[in-house]
Amino acid sequence: AKSAVTSALAKVLPPVDSSTLAPSMKIGVVLTHTESEVGLLEHFTDVKSKKGGRAAWRQRHGKTITHADEDQLKETTTTSLPTAPALNRLLESMSMDRLVGHLGDANWWGKLVPSKNCAVAATLIEREPLFLRGRYRKLSRECSQTPWTLRGTDERRTQGSVEEFIKGPIIKVFGVRGECKFSSAGREDVDVRMLGSGRPFLLEMVDSLYGTMAAASGFGDLPNLVQSQSAGVVEVQDLEICDRTASEKLVEGAEKHQKHYLCVIWVKKSVTKDDVANLNGVRELSIHQRTPVRVLHRRTNMVRQRMVHKLAAEQLNAHFLVLHVWSAAGTYIKEFVHGDLGRTVPSIRSILDSETDILQLDVADLVDEPVLESSAKKPRTGTCLKPPQ
């Protein structure tokens, strides 16, 4: 029966292309027998397993089964239960649209094969998880990466999130009927933009109607759909189907990436040329950061060692600087600038020996290769930092 059903489905469903990484599908048909059929199956099971046979039947049903009863039950079973040839003929005549159309109809078999005592069939067609990866850019300082609500309430802190803006159009295009899980290589604060080539992300789509980019009508328009739904706040690029190993690579990449940050900082004292030179001379600076005060409520209070690979400062006026920071993943840049009440040492505050604060912060890019000396001289694509008035 299994080979008959699978061969018929192979003719109905689209051909499998191994190069597309399309996930496999599970198709289940559960038949609910009538009361008389259950009795017959129980009787035959007892005989086969030598658990009493007719005696067991008599004990459960209060009567002795006769050959006439068996013949009648066999006839009922033959006309009401779908046999392998019947399933084969039915599936060969069905289109994919018709097959999908039967989802949720528990009596579809009875409608297609009318019978007085027809069994009720429940159909389940489910696709294995589909993985989609890409990169996103966040161009707003008022958009969180994931939905952000006040603790213990449903009140939103932001009107939308990167996750929601990306997932919405993708769920529609791929016809996702199950859960859609979003993950990314790290995260940025709500008031920090993600620029450059973007941050890698991964979506795991459970039970999607379409399993390939070619089958998902509108896949090519996804970047425009995301940008339109987010009103230009979020952009996506480099979208492609991948396998589940991409999840491990995403985590590994988040831990190994160097990050290029761009910030505008204020310095209380008047900045001199020597101060700028001191900042520009920083290379491979090891810093120690105790868990910042602002995240102490959700992070373990401990000291973390991080590496600042390079600094590059551009003076705007006597009290304001544009500062490029290349650092290891996990570095708290805001605290590295103002010192966080002495919880980060050394810091820009200690280097300049003056009170400092950070006014704007962007993730300019994620760096996969070693920082080059000429990196600070490259054009800052997508940035629009402005000196304070």
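Let's start inside this predicted model, where the largest nonpolar core (buried Ala, Val, Leu, Ile, Met, Phe, Trp, Tyr and Cys residues joined through side-chain atoms within 4.5 Å) holds 51 residues, and Tyr136, Ile166, Phe174, Ile265, Leu311 and Ile348 touch the most other members. Buried means under 20% relative accessible area, exposed over 50%, and partly exposed in between, with a 1.4 Å probe and protein chains only. Helix 8 (residues 162-174) gives this core its largest share, six residues. A second, separate core has seven residues, including Leu202, Cys242, Ala246 and Ala254.

Two of those names lead us to helix 10, where Ala246, Leu250, Gly253 and Ala254 are buried. They sit on the same side of helix 10 because they cover an arc of only 100 degrees around the axis, taken from the directions from the helix axis to the C-beta atoms. On the other side of helix 10, Glu248, Glu255 and Lys256 are exposed.

Helix 10 (245-256) also gives two or more residues to the lining of the largest pocket, as do strand 7 (258-267), strand 9 (303-315), helix 12 (333-338) and strand 12 (356-367). A pocket here is an open set of points on a 1 Å grid where a 1.4 Å probe fits, with protein on both sides within 12 Å along at least five of seven lines, and lining residues have an atom within 4 Å of a point. Of its 33 lining residues, Arg187, Glu188, Asp189, Arg298 and Arg299 lie nearest the centre. The lining divides into 12 nonpolar, eight polar and 13 charged residues.

Residues are numbered from 1 along each chain as its sequence is written, and side-chain values use heavy atoms, with hydrogens and water left out. Local features need pLDDT of at least 70 and side-chain atom pairs count only at pLDDT 80 or more, while totals for chains, interfaces and linings use all residues.

Notes:
Helices (H or I, at least four residues) and strands (E, at least two) are DSSP runs, numbered from the N terminus. Ala, Val, Leu, Ile, Met, Phe, Trp, Tyr, Cys and Pro count as nonpolar, Asp, Glu, Lys and Arg as charged, and the others, Gly among them, as polar.
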